[in-house]
Every structure is written in structure tokens, then in C-alpha cells.
Amino acid sequence: MMRDFGYGQAADSTDFSDTGRPLYRVKPNESYIARVYDVEPDVSAACYFYAMAAVNGGRACVIGVNRDNTQGDLRFLDVLERMGCRVYTDNDGNIVVKRDTEMRLHGVKVDMGDFSDQTMTLAAIAPFAKGVTTITGVAHIRGQESNRIKAIVTELGRLGVECEELEDGVRIVPFSDEELEMRNSNPKKVCIETYDDHRMAMAFAVAGTYLDGVIIENPDCCKKTFDSYFDILSCLM
């Protein structure tokens with residue numbers, strides 16, 4: 001971004017501190033040049049809508065999300081593609097996720113260490129896929145806004161999903177076709193605890209777009225990053 005605004009010396013240094021982390025050196029007396037600058041959309045937030053299209057069947061396009069975006073959560077789209085979705089770019093350069101309703105999602109095994117914010121999103125749609133989903137590489141999310149691995153296992157359990165806590169992730173066994181048919185024909189209210197964690201609230205709301213009876217407690221925790229999330233979701237539903 002500094003380079004984009006005309007600062008010529010902003011570069012990754014080859015020097016390292018005593019902790020082993022790279023150092024960034026910024027020279028004084030440089031100047032910036034005013035310009036029009038497009039801020040990238042929040043890909044992390046966009047992924048919830050892509051996941052809705054994946055789990056329900058249909059098409060989701062988020063304006064401004066494109067292949068030039070630099071955010072790591074773009075890798076979640078590769079996961080959705082592996083699960084059976086079509087991911088492509090429209091004529092305006094926006095990324096589109098589409099799943100034909102006759103094409104069932106299927107489970108995956110994936111290391112999400114580099115895009116761990118989407119762990120909860122994948123966990124929320126995995127129960128409706130065909131086949132087991134295993135997520136690894138995310139031991140560090142135990143120390144984020146909540147103990148997210150424990151939260152995933154606990155809340156999927158409330159939904160009646162078989163879920164195993166791993167040292168660095170989770171293993172999720174999906175509903176059988178018979179279980180899904182029974183749940184949808186006789187929906188039961190299930191209150192999902194969010195642990196004051198915005199991503200737990202937004203991800204499990206995705207599950208609620210497919211499974212009747214899901215209630216998200218303390219939805220206001222989404223204000224941290226996406227104040228209007230549930231308003232937008234209500235308009236879509």
C-alpha cells in the first residue's frame with residue numbers, strides 16, 4: 001500500500017530481529033502521492049455468502065472480490081471447489097460460486113492453517129456434505145476470540161452432529177440422508193452459543209440457512225466486523 005501511494009523505499013528487509021521476525025525499515029523524508037485507491041472487500045465476510053450458495057445450491061457473487069485480492073481467505077474458494085462447487089469469474093471480474101442442486105457437496109480433508117478464519121464456516125456446512133470432513137493445522141484457533149475448536153465441537157453437538165476434537169483441528173461426520181430428511185420434516189429449535197465470537201455467529205447462521213430451527217444467541221457480537229450481517233441475511237432469505 002505504501003508503494004501504491006508513491007513511497008519508493010517500502011520493501012521487505014532481509015534483516016531479522018532477535019526473535020527471528022523480519023524487520024521493516026522505513027526511511028524518513030519520503031513523500032506520498034494522493035490518488036484514488038480501491039480498498040479490497042473483506043473476503044472473510046464474503047466467504048459466508050459463498051458458503052450459503054454451496055450448502056443450499058444456487059449462486060453467490062460478491063461485488064469486488066476477484067482473483068487479484070491479496071487476502072488469504074480466498075483459499076476457501078478452492079475448498080468449495082473441491083467439495084463440488086463451480087468457482088468462476090463473471091464478466092466484471094467478480095468471483096462467483098455456484099452449486100447445481102443435483103450436485104451434492106462432498107467432504108474434504110484440508111489443512112486450513114493459512115486461512116483459519118474459515119474453519120468455522122467449513123465446519124458449519126460439513127454436516128450437510130456427503131462424506132467425512134477433516135480440518136487440520138488450526139491448533140492456534142483455541143486462543144482466538146473463543147476456543148474455536150472446542151466451540152465447534154460443542155455447537156455441532158447441539159445440532160446432533162458427530163464431531164471429534166483433534167489436536168490441531170476437527171473431524172466431522174455428516175448427517176445421513178435419513179437424518180436430514182427426518183430433521184427437516186420435524187424441525188427442532190436449537191440455540192447456538194456464540195461465545196461472543198463474531199465468526200461463530202456468522203458461520204453457524206450459514207448452517208441455519210439450510211437447517212430449520214437454528215437460533216443464534218447474541219448475534220450482536222457480529223458488530224465487531226460486520227454490523228449488518230443479519231440484516232443482509234434476512235433480506236436474502
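## Ser146 and its contacts

Contact here means heavy atoms within 4.5 Å. The model is predicted. Leaving aside neighbours within four places in sequence, Ser146 is in contact with Ile141, Ala151, Tyr195, Asp197 and Met200. One of these partners, Asp197, also makes a polar contact with Ser146. That polar contact runs side chain to side chain, at 2.8 Å.

Ser146 sits in a loop. Strand E5 (133–136) lies on one side of that loop in sequence, and helix H4 (148–158) on the other. Is Ser146 buried or exposed? Its relative accessible area is 9%. Buried means under 20%, so Ser146 counts as buried.

## Strand E5 and its partner

E5 is one of the two elements that bound the Ser146 loop. Thr133 and Ile135 point one way from E5. Thr134 and Thr136 point the other way. All four are buried.

Strand E4 (residues 109–111) runs parallel to E5. Three bridges join the two strands. Across this pairing, Asp111 of E4 stands opposite Thr136 in E5.

## The largest pocket

How much space lies in the largest pocket? The volume is about 300 Å³. The lining has 15 residues, and the closest to the pocket centre are Phe49, Met52, Arg59, Ala60 and Leu236. Three elements each give two or more residues to this lining: helix H1 (43–56), strand E1 (58–61) and helix H7 (229–236).

By class, the lining has 10 nonpolar, four polar and one charged residues.

## The second largest pocket

About 220 Å³ of space lies in the second largest pocket. Which residues line it? They are Met1, Tyr37, Asp38, Val39, Glu40 and Thr70. Three of the lining residues are nonpolar, one is polar and two are charged.

## Phe5 and Tyr37

Tyr37, one of the residues lining the second largest pocket, is also a contact of Phe5. Phe5 lies in the segment before H1. Phe5 and Tyr37 are 32 residues apart in sequence. In space, their C-alpha atoms are 8.7 Å apart.

Not counting residues up to four places away in sequence, Phe5 touches Ser31, Tyr32, Ile33, Arg35 and Tyr37. Why does Phe5 count as partly exposed? Its relative accessibility is 22%. The partly exposed class runs between the 20% limit for buried and the 50% limit for exposed, so Phe5 falls in that class.

How values were computed. Residues are numbered from 1 along each chain as its sequence is written. This is a predicted model: local features need pLDDT of at least 70, side-chain atom pairs count only at pLDDT 80 or more; totals for chains, interfaces and linings use all residues. Side-chain values use heavy atoms; hydrogens and water are left out. Buried means under 20% relative accessible area, exposed over 50%, partly exposed in between (1.4 Å probe, protein chains only). A polar contact is a pair of N or O atoms within 3.5 Å; within protein, one must be able to donate a hydrogen and the other to accept it, and residues adjacent in sequence count only if both atoms are side-chain atoms. On a 1 Å grid over the protein atoms alone, a cavity is a set of points where a 1.4 Å probe fits but cannot get out, and a pocket is an open set with protein on both sides within 12 Å along at least five of seven lines; lining residues have an atom within 4 Å of a point. Grid points are joined across faces, edges and corners, and a volume is the space filled by probe spheres set on the points. Ala, Val, Leu, Ile, Met, Phe, Trp, Tyr, Cys and Pro count as nonpolar, Asp, Glu, Lys and Arg as charged, and the others, Gly among them, as polar. Two strands pair if DSSP finds at least two bridges between them.
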